[in-house]
Amino acid sequence: MAAEKQGTPPLLEKLLQQSSEKAGVWTFDFLSERKDLGLWQLTLVAVGDDKKVLGETTGELLVQDELRSGDATLVLSDSDGDEVSRTKAERGITLAEDLSLDVSQELKVSFLIKSVKGEQVVQPQHAFLRLDDASQGLQAYVVAKAEKKSTDGRLHATVTHSVLEKQIGQQGGAFKMVLMVGDPAGTNAREWTMGTVHVAASQGGSKGKAKGMDTHQLPAHFRPLPEIYHIFQQPSPRPPQLVSYLFTGIVLLPLGGLGYVLATQLGANLKGFPQEQLAQVSAVCFHAGIASILGLYTIFWLGLNLLHTLPILAVLGLLTAASGYQALSRQANARLKAQ
Amino acid sequence: MEAVQGIFRTFAQEYKKTPPKIKILDAFAVYALTTAALQFIYMRLVGSFPFNAFLAGFLVCIGFFVLTVCLRLQLDKQSSDFKDLAPERALADYVLCNCALFLGVWNFIG
């Protein structure tokens with residue numbers, strides 16, 4: 001008989017023994033040969049005396065056992081990899097003293113999973129370290145993996161701020177560390193509350209400030225940067241609307257005074273306006289041109305930009321200049337004739 | 001005090017001889033100066049916000065006053081400097097300069 005784990009070459013080839021108790025029954029004690037948990041594929045080959053293969057059949061065998069975690073080691077190290085503290089947690093017992101994890105530190109939890117009866121090291125399908133803060137309703141999971149170079153089968157779950165930040169943001173808090181192990185070959189699922197770790201809030205987190213985290217102890221490049229506050233320009237104090245309207249009226253008063261003085265005191269009139277028809281037309285065009293330029297300035301102030309205004313102004317300016325030249329030269333000629 | 005009153009009396013008598021067209025220009029100059037003064041008083045009493053609008057309003061009054069005084073000088077027959085300058089030409093210059101001044105001010109007023 002050959003036995004192989006799924007997807008691997010045969011690991012075991014054994015001859016079956018004829019049972020002494022019952023004729024025609026062949027037996028094989030699998031567990032006396034192999035104690036590895038998992039799904040095994042069995043191939044039964046019947047061979048005749050002449051070594052001829054008489055028949056072949058296959059079957060599957062799931063070897064299960066109770067899983068048990070060994071003692072765990074919790075190593076706290078700083079950013080340079082230097083070990084800060086090492087704590088041993090006995091199997092199934094919660095640590096009496098809480099750990100604390102600073103922004104620059106990492107916590108490495110190492111443990112071994114074994115089968116109870118076979119005492120074989122097992123690489124379970126699922127092994128997590130769950131960080132649980134019930135008060136904030138936060139949960140983070142860290143996968144426990146075997147190190148590539150390691151041959152002892154120990155699993156390691158490394159808790160860092162970057163791992164936590166991806167799952168729960170920059171929040172800090174008191175997290176319970178719960179080890180969770182599960183595998184189809186295990187008859188039980190393990191859940192072990194190892195202890196509590198106080199995680200300092202990352203930069204910007206609220207709890208770090210609340211708990212008064214002493215960031216001055218950290219190296220300069222790990223200290224949180226000062227928070228940037230945008231200072232917006234404060235609006236200047238403005239006078240009440242009534243004052244603005246009052247002064248608008250006061251500033252317009254001289255214009256009224258000017259009109260009054262021109263009309264009554266100085267006798268301003270339009271008698272000097274040209275009488276000749278052509279001169280009259282050019283004078284009207286000249287004044288209309290000035291008025292249209294001032295009107296354009298008003299439109300420019302209300303909505304147009306300078307690039308739109310200047311071409312229009314050029315056209316109006318040319319028209320005004322031409323009509324002004326006509327009007328003023330006619331007036332000059334008339335003045336010279338009169339002299 | 002009487003000397004001051006005498007100065008004003010003489011000024012009033014002499015000013016009566018001024019041509020009406022020059023008096024009109026004087027009225028415009030006084031109007032511009034008064035408006036500038038009122039804006040300055042407003043700035044001192046209430047505040048200069050928005051400052052660009054205050055500057056635009058104040059400076060256009062001063063600029064208009066200066067241009068008007070220049071026109072007055074050019075039109076005054078008693079002034080010997082501008083005897084050869086035609087009043088029509090002086091008016092054309094005055095209009096052109098005012099158009100340029102107002103364009104600058106309108107651009108600055110915000």
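This text walks through a predicted model with two chains, A and B.

Start with confidence. Chain A averages a pLDDT of 84, and 92% of its residues score at least 70. The elements of chain A do not score alike. Helix 5 (residues 277–302) of chain A has the highest mean pLDDT, at 94. Helix 3 (residues 206–210) of chain A has the lowest, at 43. Over residues 205–212 of chain A, pLDDT stays under 50. For this stretch the model has twelve contacts beyond four places in sequence. Where pLDDT is low, the predicted coordinates should not be read in detail.

Now turn to chain B. Its secondary structure comes to four helices and zero strands. Along the sequence the pattern reads α-α-α-α. Chain B has 110 residues, and 19% of them are buried. Take the contacts in chain B with a separation of 6 or more. Of these, 70% join residues 24 or more positions apart.

UniProt, in an unreviewed entry, lists three stretches of chain B as "transmembrane region": residues 24–43, 49–71 and 91–109. Two of them can be set against the model. Residues 49–71 of chain B are 91% helix and 0% strand. The end C-alpha atoms of that stretch are 33 Å apart. Residues 91–109 of chain B are 100% helix, again with 0% strand. Here the end C-alpha atoms are 26 Å apart.

Helix 4 of chain B deserves a longer look. How far should its 23 residues span at 1.5 Å a residue? The expected span is 33 Å. The end C-alpha atoms are 32 Å apart, so model and expectation agree. B:Val95, B:Val105 and B:Trp106 are buried in this helix. What do the buried residues of helix 4 of chain B pack against? Their partners are helix 5 and helix 6 (306–338) of chain A, together with helix 3 (51–75) of chain B. Just after helix 4 of chain B comes B:Gly110, with a positive phi of about 80°.

That packing leads to the interface. In all, 24 residues of chain B are in contact with 27 residues of chain A. On the chain B side, the elements that give two or more residues are helix 2 (20–45) and helix 4 (87–109) of chain B. The residues of this side divide into 17 nonpolar, five polar and two charged.

Cross over to chain A. The unreviewed UniProt entry lists residues 242–263, 284–304 and 310–328 of chain A as "transmembrane region". Residues 284–304 of chain A are 90% helix and 0% strand. The end C-alpha atoms of this span lie 27 Å apart. Residues 310–328 of chain A are 100% helix and 0% strand. Their end C-alpha atoms are 25 Å apart.

Chain A also has strands. Strands of a sheet pair through backbone hydrogen bonds, either parallel or antiparallel. In chain A, five strands form an open sheet in the order 9-8-11-16-15, and the pairing is antiparallel. Strand 9 (83–89) and strand 15 (145–146) of chain A are the edges, and each pairs on one side only. Inside the sheet, strand 8 (residues 72–77) and strand 11 (residues 106–111) of chain A pair over five bridges. A:Val75 stands opposite A:Lys108 in strand 11 of chain A.

Another set of pairings centres on strand 13 (residues 126–133) of chain A. Seven antiparallel bridges join strand 13 to strand 17 (residues 173–182) of chain A. There, A:Leu131 has A:Met177 in strand 17 as its bridge partner. Strand 13 of chain A also pairs with strand 14 (residues 138–143) of chain A, antiparallel and over six bridges. A:Asp132 is bridged to A:Gln139 in strand 14 of chain A. Strands 13 and 14 of chain A form a hairpin with four residues between the strands. In this hairpin A:Gly137 takes a positive phi near 70°.

One last residue is A:Val45, in strand 5 (residues 38–47) of chain A. Is A:Val45 buried or partly exposed? A:Val45 is partly exposed, because 14 other C-beta atoms lie within 10 Å, and a buried residue needs 20 or more. A:Val45 and A:Glu56 are eleven residues apart in sequence. In space they are 4.4 Å apart, C-alpha to C-alpha.

Definitions and conventions. Residues are numbered from 1 along each chain as its sequence is written. Chains are lettered from A and ligands numbered from 1 in the order in which they are written. This is a predicted model: local features need pLDDT of at least 70, side-chain atom pairs count only at pLDDT 80 or more; totals for chains, interfaces and linings use all residues. pLDDT is the predictor's confidence in each residue, from 0 to 100. Two residues are in contact if their C-beta atoms, placed from the backbone, lie within 7 Å. Ala, Val, Leu, Ile, Met, Phe, Trp, Tyr, Cys and Pro count as nonpolar, Asp, Glu, Lys and Arg as charged, and the others, Gly among them, as polar. UniProt positions are given in the numbering used here, feature names are shortened, and annotations may be inferred rather than shown by experiment. A residue is buried if 20 or more other C-beta atoms lie within 10 Å of its own, exposed if 12 or fewer, and partly exposed in between; C-beta atoms are placed from the backbone. The expected span of a helix is 1.5 Å times one less than its number of residues. Two strands pair if DSSP finds at least two bridges between them.
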